[in-house]
Structure formats: C-alpha cells, structure tokens
Amino acid sequence: MRTIRIAVAGTGYVGLVTAAVLAHVGHDVVGVDVDEERVRTLNSGGCPIFEPGLPELLEESRENLSFTLDYREACADADVVFIAVPTPERVDGSANLKYVFASVEQVAEAMGPSCVVVVKSTVPIGTGDRVQRHFESLLAGTGREVEVVANPEFLSQGTAVQDMLHASRVIIGVESERAREIMARVYADLPSPLLFMERRSAEMVKYASNNFLALKIAYINEIANLCDLLGADIDDVARGMGADPRIGDKFLRAGIGYGGSCFPKDTKALHWLSSFHDREIKTVKAAIEVNAVQKISLIKRAHRYHSDFEGLTVAVLGLAFKPGTDDLREAPSLDNVAILLDAGADVRVWDPYAMDNFKRFYPDEVTYCASIPEALADADMCLILTEWPDVLSLDPAVFVEQMRHPLVLDGRNCYALDEMARHALVYESIGRRTVGTAR
Ligand code: UGA
C-alpha cells in the first residue's frame with residue numbers, strides 16, 4: 001500500500017500529536033504552522049509543548065516528519081490535509097472559526113489537483129458543510145477538488161500520545177466512499193476501531209462526549225457537596241456508583257471542578273449553539289454554573305477558619321488544571337490565587353511544571369517555591385489545587401513540620417482520612433468529613 005502524504009495544519013498539542021503518530025505508523029507527514037519559533041524548534045529536534053512521550057515520538061519519526069511555515073510546501077503533494085488549528089471561545093461563548101477558515105484559504109491556494117481535508121479542530125455542528133462549500137467556491141473553475149471529513153480528536157493532555165496510539169474509537173464523518181476509503185488507509189496501522197458516520201454526526205459526537213464528561217464531573221461535585229452536609233463520604237459513594245457498569249467508574253472524582261482548554265470551552269459552545277437554535281440544553285447550562293462555583297469552593301471553606309485573609313501566608317500546591325501538563329487554561333489556580341491576593345494574603349506557590357506559565361500572570365505578586373516544603377514554610381493555610389504525584393506521595397507530617405498553622409484544604413482529595421487523622425493538622429477535602437479541629 002502506498003504511503004499516504006499528509007499535511008497537518010496547526011502544531012498545537014492536537015496537531016503535533018496527530019502528526020507524530022501518523023508519521024510513527026509510516027505516513028509521510030509535514031506539519032505547517034504560522035508560528036516561526038515553533039517551526040524552528042521542531043525542525044531543530046525540539047518539542048515546544050510538554051506532552052509525555054511526544055519528544056521521543058518526534059525524534060523517532062524524523063525521517064518522514066518535517067515542519068514548515070509554507071502551506072505550499074506542506075500541501076502541494078498532500079493526499080490528506082488535517083486542520084488542527086485552535087477554535088477559541090468568543091465573548092458570547094460560541095466557537096471562533098477564524099483560524100479554521102484562514103487555514104482553509106491557505107490550503108485551497110497551496111493544494112494540488114485533489115485532496116481530502118480533515119477537520120480535527122473542535123467545531124460546531126455543520127462546520128464541515130460550511131468548509132466544504134467554502135472550498136468549492138474558492139476552487140471553482142480551477143478543476144481542483146476537495147472532500148471534507150470530520151474527524152474529532154479525543155486526546156487528553158498528559159496522555160495524548162497514548163490516547164491516539166490506543167484510541168477507544170476513531171470517529172470519522174464522511175460524505176463519500178472515496179473519503180471513507182482514504183481515511184481507512186490513514187488509520188489502517190493503528191489498532192483502534194473506526195466508526196464511520198455522516199459529517200454532522202461526527203461533529204456532534206465530539207461536543208456530546210465532552211459535555212457528557214463535564215456533566216458527570218459537575219454532578220459528582222454536587223453530590224460531594226451534599227455528602228459534606230449530610231455526613232456521607234464521596235469516595236465511597238463514587239466507588240459504589242462506579243461499580244455499576246451502566247454508570248462506569250471514570251470521571252467520578254470529586255474536586256474543585258474541571259478546567260483546561262476543552263470542557264469549559266466546549267460546554268459554553270454547546271450552550272451557545274443550543275440557545276441559538278432555541279433549544280437550550282439545561283443540563284449543560286447547570287454544569288457551567290456548578291463548575292464556576294466549585295472552582296472557588298475552597299475559599300468558602302477557608303472562611304470558616306479566617307474571616308479575612310489579610311496578612312495570612314497561604315501555600316498553593318499545584319497550578320496546572322490537572323497533573324501531567326503545564327497548561328493553565330481555566331485552571332482553578334488562577335481564580336483562587338486572584339482572590340487570595342486581592343484579600344491581602346501572602347501567596348507561596350509550587351508546581352513542578354506550570355510555574356513558568358504562571359509567571360506570565362503573576363511575575364512578582366506571589367513567591368515561587370522550588371519544593372513543597374518551601375511552599376509550606378510558615379504557612380497559615382494550604383490549598384491543594386492539582387493532584388501531582390509529589391503531592392499524592394507527600395508524608396503528611398511535612399504539613400505539620402513546615403506550616404505555622406497546619407490547615408490543609410484539599411481540592412483533589414489526595415489523602416486517606418485515616419492517615420491524616422494521625423497528624424496534628426486540620427484537613428478538609430471535598431465531600432468527606434473534616435479531620436482534626438482548628439486550634
Ligand atoms: C478532555 C477530554 O477528556 C478529551 O477526551 C478531549 O479530547 C479533550 O478534552 C479535548 O476536547 O481536546 P483534557 O481537557 O485534556 O481532555 O483533560 P481531562 O483529563 O478530561 O480533564 C479535564 C478536567 O476535568 C481537569 O480539570 C480534571 O481535573 C477534571 N476532572 C476529570 C475532574 O475534576 N474529575 C474527574 O473525575 C475527571
């Protein structure tokens with residue numbers, strides 16, 4: 001079978017992982033991006049984003065994977081062009097498609113006689129049809145043709161490479177047999193089942209899936225808040241619920257809410273889309289509201305111990321929106337640190353990877369600490385916002401040894417209550433009983 005020549009427009013974490021994995025299975029891949037520094041880094045063997053396993057995959061595929069700023073170089077001979085550019089949130093919550101259409105115009109100019117264009121970016125239902133029509137008008141009279149495919153991604157940051165290498169399914173929305181055949185060849189050497197459907201349905205699968213997971217998290221967080229009030233334990237409740245295969249045990253971890261570049265954006269986009277069509281999805285609207293309150297729920301708890309935070313030293317463990325990434329988009333740390341600083345607290349932060357990104361928001365206002373004990377030194381209170389392995393494996397005695405007043409407010413339920421009860425500290429988590437009493 002002839003190797004497929006693939007161009008990937010956009011080398012963010014989705015585009016880059018897609019390019020690296022498709023090169024890994026033997027296709028000839030060229031990544032194209034408008035960001036000069038990114039392309040330079042990639043061509044000199046570097047990896048511009050933090051994503052486990054990606055540097056190794058890029059290195060291994062150097063022979064059949066290259067990067068360019070030039071759409072013509074990437075697309076002129078391509079059989080398939082993936083579009084993996086960002087679709088940021090607009091002020092009203094809808095998805096902004098300007099990068100998708102800018103990319104479409106460049107592909108139309110640069111491509112050869114015919115190619116399949118695969119939209120990987122998360123786009124509103126019906127975008128594939130719009131892209132198809134736009135290509136048709138751009139290519140009218142040139143004799144060149146494009147078939148547009150919807151192929152949404154389901155990569156989680158931190159496990160994106162494995163998620164693509166071993167996807168539970170690949171969703172492919174096609175409108176022709178030819179597009180179906182070429183997409184089957186693109187994915188032939190990956191083990192995942194291919195689910196073919198119409199383009200609009202494929203686009204809907206992406207939104208419906210992300211929104212469902214966001215709902216699941218919002219729901220378990222609301223149940224956790226009720227557990228707090230009624231004396232039940234959310235870990236046991238989630239374990240009991242998750243044992244039912246109809247519910248499943250994934251995405252039932254209660255905490256301080258979801259962040260990242262996907263769930264917040266995709267819930268707002270679906271809410272916008274459904275409202276626009278006068279069919280508001282009320283469950284999604286509720287999840288958005290629940291999550292906004294949940295993100296700052298530790299602050300409310302902190303007020304049980306301190307009526308105001310002026311002059312308090314507060315340690316913040318974890319800044320990234322989840323472990324395994326340096327990404328701060330919609331991270332609870334941004335909301336919590338803003339409130340603490342505004343209230344006059346002295347904030348000491350620790351994160352193994354996200355501190356450099358955090359410095360863009362707070363270059364001098366917080367103290368950056370190289371270790372957890374350093375962040376905890378003389379603190380009056382500690383907020384745990386990300387369940388990094390270093391936090392999970394921390395000996396709780398360190399809180400007692402380092403902090404002036406060992407009050408630990410854990411937004412990620414990192415520790416067993418029995419273990420925490422053995423130490424002279426006050427420990428509050430989400431949906432579980434409080435351990436210790438304030439001195
Ligand atoms: C998410 C989806 O999981 C991917 O399938 C999807 O492809 C991706 O969005 C996307 O649309 O690009 P991601 O945002 O990287 O991936 O991260 P997740 O691991 O899903 O976590 C999202 C947020 O939910 C995090 O803040 C995490 O802490 C939170 N979460 C997750 C919980 O609070 N509880 C859970 O049980 C699970």
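# Chatting through the salt bridges, strands and cysteines

Modeller: Let's start with a charged pair: the side chains of K295 and D335 form a salt bridge, with N and O 3.9 Å apart. Keep in mind that this is a predicted model.

Colleague: Where do K295 and D335 lie?

Modeller: K295 is in helix α12 and D335 is in helix α14, so the pair ties together parts that are 40 residues apart in sequence.

Colleague: And is K295 buried or exposed?

Modeller: K295 counts as buried, because its relative accessibility is 7% and the cut-off for buried is under 20%. D335 is partly exposed, at 31%.

Colleague: Why would two such side chains pair up at all?

Modeller: In general, side chains of opposite charge can pair when their charged atoms come close.

Colleague: Stay with α14 for a second. Which of its residues are buried?

Modeller: Helix α14 covers residues 332–342, and its buried residues are P332, S333, L334, N336, V337 and L340.

Colleague: What do those buried residues pack against?

Modeller: Three helices and three strands are on the list. The helices are α12 (282–295), α13 (297–302) and α15 (355–361). The strands are β9 (313–317), β10 (346–350) and β12 (381–384). So α12 turns up here as a packing partner of α14, and it is also the helix that holds K295.

Colleague: What follows α14?

Modeller: G344 follows the helix, and its phi is positive, near 90°.

Colleague: Back to charges. How many salt bridges does the structure hold?

Modeller: The structure holds 27. One of them joins E36 and R40, at 3.9 Å from N to O. Both residues sit in helix α2 (residues 36–43), 4 residues apart, which is about one turn of the helix.

Colleague: Is R40 buried or exposed?

Modeller: R40 is exposed, with a relative accessible area of 52%.

Colleague: Got another pair within a helix?

Modeller: Yes, R185 and E181, whose side chains meet in a salt bridge at 3.5 Å, N to O. They are 4 residues apart in helix α8 (residues 177–186), so about one helical turn separates them. E181 counts as partly exposed, at 40% relative accessibility.

Colleague: Which residues are linked in a network of salt bridges?

Modeller: D228, R301, R304 and E428 are linked in a network.

Colleague: New topic, strands. How much of β5 is buried?

Modeller: Strand β5 spans residues 114–119 and is mostly covered, with 5 of its 6 residues buried.

Colleague: How does β4 pair with β5?

Modeller: They run parallel, and 4 bridges join β4 (residues 80–83) to β5. To find the pairing on your screen, look at V81, whose bridge partner in β5 is V117. The chain gets from β4 to β5 through helix α5 (residues 98–110), and this β-α-β crossover is right-handed.

Colleague: And what about β5 and β6?

Modeller: That pairing is parallel too, with 6 bridges between β5 and strand β6 (residues 145–150). V118 stands opposite V149 in β6. Here the chain crosses through helix α6 (residues 127–139), in a right-handed β-α-β crossover.

Colleague: I should ask about cysteines before I forget. How many disulfides are there?

Modeller: The structure holds 0 disulfides.

Colleague: Why is there no bond between C75 and C115?

Modeller: Distance. The closest cysteine sulfur to that of C75 is in C115, 7.1 Å away, which is too far for a bond. A disulfide needs the sulfur atoms within 2.5 Å. The search from the other side gives the matching result, since the closest cysteine sulfur to that of C115 is in C75.

Colleague: Are those two buried or exposed?

Modeller: C75 is buried, with a relative accessible area of 0%, and C115 also counts as buried, at 1%.

Colleague: Last thing, zoom out for me. What does the whole protein look like?

Modeller: The protein has 19 helices and 14 strands. Its C-alpha atoms fill a box of roughly 80 × 45 × 40 Å along the principal axes. The radius of gyration is 24 Å, which agrees with the value near 22 Å for a compact globule of 439 residues.

Colleague: How many of the residues count as buried?

Modeller: Of the 439 residues, 54% count as buried. Contacts also reach along the chain: among those between residues at least 6 apart in sequence, 71% join residues at least 24 apart.

Notes:
Residues numbered from 1 in each chain as written. Predicted model: local features only at pLDDT ≥ 70, side-chain atom pairs only at ≥ 80, totals over all residues. Heavy atoms only, no water. Buried < 20%, exposed > 50% of the residue type's maximum accessible area, 1.4 Å probe, protein only. Helix = DSSP H or I, 4+ residues; strand = E, 2+ residues; numbered from the N terminus. Contact = heavy atoms within 4.5 Å. Pairing = 2+ DSSP bridges. Right-handed = clockwise from strand over helix to strand, strands pointing away. Salt bridge = Lys/Arg side-chain N within 4 Å of Asp/Glu carboxyl O. Rg over C-alpha atoms; globule rule 2.2 N^0.38 Å.
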